[in-house]
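The following note sets out some points on the structure shown below. The points are numbered for ease of reference.

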Amino acid sequence: MEMSKRQKILIVLLTPFVLGFLLGILVGGGCSKAERVPVEKEVPVETVQTEPEEVVGGVESGSLPEDDVDGTGESEAREIIYYTKLMSYAKVFSDINDVHLEKARAVGLQTIPEKRNAVDTLLLVRVGDSDFLEVDDLRYSVPYLTAGAARELNHIAKAFHDSLARKNFPSYKLVCTSILRTEEDVARLRRSGNPNASDNSSHCYGTTFDISHSRYYRDVETDEFMQPYELTKVLAEVLRDERNAGRILVKYEKKEHCFHITSCQ
């Protein structure tokens, strides 16, 4: 059946309205579906007041002391190094024994004590432990010096202590290993096989003492410590200054682990 001219005109006029209506349904349906998706309301976040961490022994729980490398809660020992130019001890302290002996005879005892009970304690000063010095167990000598030598030994010990303090190093004492030898002591020492034992030792005149460069003493152990060779750097500076001032003669004795020192007073 053929469409009349009137029907064709009607279809042409209605087509845009029909298409617009269908498009509106499609778009509106999509929007309605999107609106049906629930939207969560924004909830304000509460500020939670937390309790401060418990502090135990000055260290907050959960943290470790700076030196607690193994997590045990205990500090590790810390070695102190003295970063300074190493002195050639053998070259700086090279006063030979003949020079020590000559000075000892000039300023020390005129007569060498034969035995220990013959030591004239009225002419000498007894040397003992102090805040700066520790006297070793003396097997081949007795703890007596001339007044001048005793003053010099105490001066060296205190200067060493003060030098450590100025450098903020741990406190240590010097160890005196040999002092006045009687003829009897020299004989016993020679029988022990010591090659440095001599009938003509400056130790026999009360002017000479040995200070260890391998052992140092401390009253109380702490987490900070120094090796003997680091402490010897400090001691060597003190001895160098005293020697340069003309107050002592010094010989570095590597095998005997000591500085052999004669007072010039």
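1. In this predicted model, the buried residues of helix 6 are E230, L231, T232, K233, V234, L235, A236, E237, V238, L239 and E242. These buried residues pack against two helices, helix 2 and helix 4, and against strand 7, strand 8, strand 10 and strand 11.

2. The geometry of helix 6 agrees with expectation: its 17 residues should span 24 Å at 1.5 Å a residue, and the C-alpha atoms at its ends are 24 Å apart. Just after helix 6, G246 adopts a positive phi of about 80°.

3. K233, a lysine in helix 6, merits separate comment. With a relative accessible area of 13%, K233 is buried, because the cut-off for that class is under 20%. What does the side chain of K233 reach at 3.0 Å? The partner is the backbone oxygen of Y82. The side chain of K233 also makes a polar contact of 2.9 Å with the side chain of E230. Leaving aside neighbours within four places in sequence, the contacts of K233 are with Y82, T84, L86 and Y89.

4. The largest nonpolar core holds 37 residues, and the members that touch the most others are F93, I156, F160, L174, L235 and L239. At least two residues of this core come from each of strand 5 (133–135), helix 4 (147–166), strand 7 (174–178), strand 8 (208–212), helix 6 (228–244), strand 10 (248–253) and strand 11 (258–263). Helix 4 gives the most, with seven residues. In soluble globular proteins, nonpolar side chains tend to be buried together.

5. L174, one of the core members named above, may be examined through its contacts. Beyond four places in sequence, L174 is in contact with F132, L133, E134, I156, A157, F160, I211, Y216 and L235. Among these partners, I156, F160 and L235 are also in the list of core residues that touch the most other members.

6. The structure holds six aromatic pairs. One of them joins Y89 and Y252 in a tilted arrangement, at 5.5 Å centre to centre and with 50° between the planes. This pair links distant parts of the chain, since Y89 belongs to helix 2 (residues 89–92) and Y252 to strand 10, 163 residues apart. Both Y89 and Y252 are buried.

7. F160 and Y216 form another pair, which is stacked, with 5.8 Å between centres and 25° between planes. Why does this pair tie together parts that are 56 residues apart in sequence? The reason is that F160 lies in helix 4, whereas Y216 lies in the loop between strand 8 and strand 9 (224–225). F160 is buried at a relative accessible area of 0%, and Y216 counts as buried at 14%.

8. Ring pairs also link Y89, F93, Y252 and F259 into a cluster. F93 is thus named twice in this note, as it is also among the core residues that touch the most other members.

9. On confidence, the chain averages a pLDDT of 82, and 69% of the residues score at least 70. Over residues 30–66 the pLDDT stays under 50, and the model has ten contacts beyond four places in sequence for this stretch. Where pLDDT is low, the predicted coordinates should not be read in detail.

Definitions and conventions. Residues numbered from 1 in each chain as written. Heavy atoms only, no water. Core = buried A, V, L, I, M, F, W, Y, C linked by side-chain atoms within 4.5 Å. Buried < 20%, exposed > 50% of the residue type's maximum accessible area, 1.4 Å probe, protein only. Helix = DSSP H or I, 4+ residues; strand = E, 2+ residues; numbered from the N terminus. Contact = heavy atoms within 4.5 Å. Phe/Tyr/Trp six-rings, centres within 6.5 Å; stacked < 30°, edge-to-face > 60°. Polar contact = N/O pair within 3.5 Å; in protein donor to acceptor, adjacent residues only side chain to side chain. pLDDT = per-residue confidence, 0-100. Expected span 1.5 Å × (residues − 1).
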